[in-house]
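Me: I should like a close look at a single part of this structure: one residue of your choosing, the element that carries it, and what surrounds that element. Please give one connected account, and set it within the chain as a whole.

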Amino acid sequence: LAQYLGLTAEASSNGGTNYAFGASGTSPHPSEIPLAPGTPGHALYLSTQIDQILADHGGSLDDRALYVFNIGNNDQVIFGRTPAEAPTAAGVVIAQMQRLFDAGARLFMGRTLAPGLDPYATPFNQALLPGVGAIRAPGAPVLQGHAAEGAQETRAAGGRPHSTKHN
């Protein structure tokens, strides 16, 4: 995405603006879910990544920057969470997005888990989408979709509905 936009995705640990860590999870308390044996490297859980970006920016975020969320799959694949735990994981994502919103962030991009690939995806997505849709200024667009199905744009009450399909 960064390359497409003509930007760099330098890691925050190297002074950049990319706070993402591979093999990350949604656990609100990292000690609850250690990395599985054989998982390379280390990961910062989502809440820790959000703590870091807020600290680095003095608790005030740029309302013109794009904040990208791509999380959820590792909770099932690496950490072995069950479908019954999926709504809790989605709730963590929503809570962390709300923290960014409260600090001034207004542009978010995220993805749901691909439906039908595993039983974890459906309850995760069903919990995630309504919560994400609630984190926005009235009338602001929300893109909803699955990686395999494209995106559909909706607007809050009072906004003009518009939908698109991207392949």
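**I53 and its surroundings**

Reply: When neighbours within four places in sequence are set aside, I53 touches Y19, L61, Y67 and L100. The model is a predicted one, and the contacts described here should be read as features of that prediction. I53 itself is part of helix 1. Its relative accessible area is 10%, and the limit for a buried residue is under 20%, so I53 counts as buried. The segment before helix 1 is also represented in this region: the C-alpha atom of I53 is separated by 9.2 Å from that of N18, although the two residues stand 35 residues apart along the chain.

One of the contacts of I53, L100, leads to helix 3, where L100 is among the residues that meet helix 1. From helix 1, the residues taking part are L46, S47, I50, D51, I53 and L54. Their partners in helix 3 are V92, V93, Q96, R99 and L100. By class, this contact is made up of seven nonpolar, two polar and two charged residues.

How are the two helices placed with respect to each other? Two packed helices are described by the angle between their axes and by the distance between those axes. The axes of helix 1 and helix 3 come within 10 Å of each other, and they cross at roughly 5 degrees. Angles under 35 degrees count as roughly parallel, and helix 1 and helix 3 are therefore roughly parallel to each other.

D51 and R99, both members of this contact, are also joined through their side chains in a salt bridge, with an N to O distance of 2.7 Å. D51 belongs to helix 1 (residues 46–56) and R99 to helix 3 (residues 86–102), so the bridge ties together parts that are 48 residues apart in sequence. Are these two residues buried, exposed or partly exposed? R99 has a relative accessible area of 29% and is partly exposed. D51, at 39%, is likewise partly exposed. I53, by contrast, is buried.

The search of the whole structure yields two salt bridges. Besides the pair of R99 and D51, there is a bridge between D62 and R64, whose closest N and O atoms lie 3.4 Å apart. Here D62 is partly exposed, at 34% relative accessibility, while R64 is exposed, with a value of 67%.

A65, the next position to consider, falls in the loop between helix 1 and strand 1 (66–69). Its relative accessibility of 24% makes A65 partly exposed. The C-alpha atoms of A65 and A105 are separated by 7.2 Å, and the two residues are 40 residues apart along the chain.

Two further residues touch on the same region from other directions. S12 sits in the segment before helix 1 and is buried, with 12% relative accessibility. Apart from residues up to four places away in sequence, S12 touches N18, Y19 and Q52. Y19 thus appears both here and among the contacts of I53.

G72 is located in the loop between strand 1 and helix 2 (73–77). At 2% relative accessibility, G72 counts as buried. Its C-alpha atom is 10.0 Å from that of L46, a residue 26 residues away in sequence. L46 is one of the helix 1 residues that meet helix 3. Leaving aside neighbours within four places in sequence, the contacts of G72 are with L113, Y120 and F124.

Finally, the setting in the chain as a whole. There are four helices and four strands, and they follow one another along the sequence in the pattern α-β-α-α-β-α-β-β. Of the 167 residues, 35% are buried; I53 is one of the buried residues. Among contacts in the chain with a separation of 6 or more, 56% come from residues 24 or more positions apart. The accessible surface of the chain is about 9,600 Å², and carbon and sulfur atoms account for 55% of that area.

Notes: Residues are numbered from 1 along each chain as its sequence is written. This is a predicted model: local features need pLDDT of at least 70, side-chain atom pairs count only at pLDDT 80 or more; totals for chains, interfaces and linings use all residues. Side-chain values use heavy atoms; hydrogens and water are left out. A salt bridge is a side-chain nitrogen of Lys or Arg within 4 Å of a carboxyl oxygen of Asp or Glu. Helices (H or I, at least four residues) and strands (E, at least two) are DSSP runs, numbered from the N terminus. Buried means under 20% relative accessible area, exposed over 50%, partly exposed in between (1.4 Å probe, protein chains only). Contact means heavy atoms within 4.5 Å. Accessible areas come from the Shrake-Rupley method with a 1.4 Å probe; for residues, only the protein chains shown count as cover. Axes are lines fitted to C-alpha atoms, for helices over the stretch in contact, and angles run from 0 to 180 degrees between N-to-C directions. Angles under 35 degrees count as roughly parallel, over 145 as roughly antiparallel, 65 to 115 as roughly perpendicular and the rest as oblique. Ala, Val, Leu, Ile, Met, Phe, Trp, Tyr, Cys and Pro count as nonpolar, Asp, Glu, Lys and Arg as charged, and the others, Gly among them, as polar.
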